[in-house]
Amino acid sequence: MPLLAAARREFAERRPFAGHRVGMSLHVEPKTAVLLEVLAAGGAEVVATGNHGSTQDDIVAYLRGSGMTVFGRRDDTLAEHEANVAAVVASRPDILLDNGADLAAGVIAGGAAGSVVGGTEETTSGGIRLRTELAGRVTFPTIVINDSPLKAIGENRHGVGQSVVESIMRITNLMIPGRRFVVAGYGWCGRGIAQYLRAFGGRVAVAEIDEIKAFEAALDGYRVDELGNLAEWGEFFITATGHRGIITEEVFERMPSGAVLANAGHFPWEIDTAALYARAAAVTELDAAIERIDLPDGRELILLAGGRMVNLAGREPKGNSLEAMDLGFLLQSLSLERVATAADSLAPGPQPVPDDLEREIARRFVRALGADR
C-alpha cells in the first residue's frame, strides 16, 4: 500500500495527531490495521472496535500487541458489538473515525459531542444517517469520505464491485456466466457490482426507484424495473442501497426456489432477515457463510453471511482490493489530519472531503498506479 506508506513517513515527521485520542469503529482487517499504524505514527492514541461479524481476531491480537486498545471478536453477538462501540465512546475520543455513524450517535446520545474536535465517516449508510436521524445534532465537523468522487469511483465502484462478485463466487462456488442477477440500487457500489457481474458473463437487471439512476442503468444496457417485478426472474439478489428493508417478505414470496440472497451494504438490514427466519419451516447451515431457508411452500432460499456485508462477513473475507483501500484510507488519513490540525476551517456537521485534498490524492494515486508511464 504505497500511498499509506508515504503518508506514514510524512506523519512520523509532522505528528499531527499528538495529544489526540482517535476512536475508531471500522471493519478490523489487515488493511485497516495499516491505516491505524499510519495514525499511530502521527502520534495518535487509538481506541478501536470493528463492525458486527467482520472482525478478524488475529488482527485484533496484532493491534493490541502494538499498544492499541481494541475491542471485539469475530463471533460477538450484536449486543456485544454494541457494548464494544459504547466502550470506544466511553474512552472519550476527541477525533472519530466512524463507519455507519455509530460513534457519532454514541457521543451525541451521551452528551459528549462538545469534547469532539471532529471526525470522518466512511460509508453511504453513515452519511445517510448523519443527514437524517442525526441531522442538526452533529455539532462537530465530520468529513464524509463516501462523498468523495475518488472513493465513489476507486473504492465503491471498482473495489466493492470486484470484491462482492469475487466473494459470492468463492462462498457459493457457483458459476456467474449465464446466471440471472438482480442488483438492488444503482449508486456507485451497485454500478460496480453490475459491471463486474456482466464482465464475468452474468445477465444483470437493476432495481432502482430513483428515476435518474434508473435512467442511467437503462442507458448502461441493463434491464431496469421495480424489485417486486424482478423477483420471479432473478436467481441471485444483491442489495447495495444503504437503506432498510429493501428485500421484504413480499419479495421473498415471489422468488424462485434456490434463489441466493446477498447484501453489500454496511448494515445488515437491507434484507429483512427477521421476516425470512420467521417464515422458515427450517434453517440449515450449509457452510459458515451459507444458510438454506426452507419455506412452508417447499421453496428454498439461500442466504449468504446472515445478510451482513458479503465481502467482509463471509468465509475467508478479503474485503476490497489493496489498491482500492490504499486510496480510500489515504482519503481517511489526510482528512483526519485536516480535522486534527485545522478543524476551525471546517463547518460543523457532515461535509465532503476538501477539494485540495481530493486533487492531491488523485495525483498521488495516478502516479502510484503507473498510469503516467
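Two exercises with worked solutions follow, both based on a predicted model.

**Exercise 1.** Determine which residues of helix H3 (residues 57-65) are buried, and explain why they lie on the same side of H3.

*Solution.* Begin with accessibility, where buried means under 20% relative accessible area and exposed means over 50%. By this criterion Ile-59, Val-60 and Leu-63 are the buried residues to consider in H3. Next, take their directions around the axis: they cover an arc of only 105°, and therefore they sit on the same side of H3. The general background is that an α-helix has 3.6 residues a turn, so residues three or four places apart point the same way. Then turn to the face of H3 directed away from its buried side, where the exposed residues Asp-58 and Gly-65 are found. Finally, identify the packing partners: the buried residues of H3 pack against helix H2 (30-41) and strand S3 (69-71). Beyond the helix, H3 is followed by Gly-67, which has a positive phi, near 95°.

**Exercise 2.** Describe the lining of the second largest pocket by class of residue, and establish which helix gives the most to it.

*Solution.* Start from the pocket itself, which holds about 460 Å³ of space. It is lined by 24 residues, and those closest to its centre are Asp-102, His-266, Phe-267, Pro-268 and Trp-269. Sorting the lining by class gives eight nonpolar, 10 polar and six charged residues. Now consider the helices: H4 (78-90) and H6 (124-131) each supply at least two lining residues, and H4 gives the most, with four residues.

Terms used. Residues are numbered from 1 along each chain as its sequence is written. This is a predicted model: local features need pLDDT of at least 70, side-chain atom pairs count only at pLDDT 80 or more; totals for chains, interfaces and linings use all residues. Side-chain values use heavy atoms; hydrogens and water are left out. On a 1 Å grid over the protein atoms alone, a cavity is a set of points where a 1.4 Å probe fits but cannot get out, and a pocket is an open set with protein on both sides within 12 Å along at least five of seven lines; lining residues have an atom within 4 Å of a point. Grid points are joined across faces, edges and corners, and a volume is the space filled by probe spheres set on the points. Ala, Val, Leu, Ile, Met, Phe, Trp, Tyr, Cys and Pro count as nonpolar, Asp, Glu, Lys and Arg as charged, and the others, Gly among them, as polar. Buried means under 20% relative accessible area, exposed over 50%, partly exposed in between (1.4 Å probe, protein chains only). The arc is that of the directions from the helix axis to the C-beta atoms. Contact means heavy atoms within 4.5 Å.
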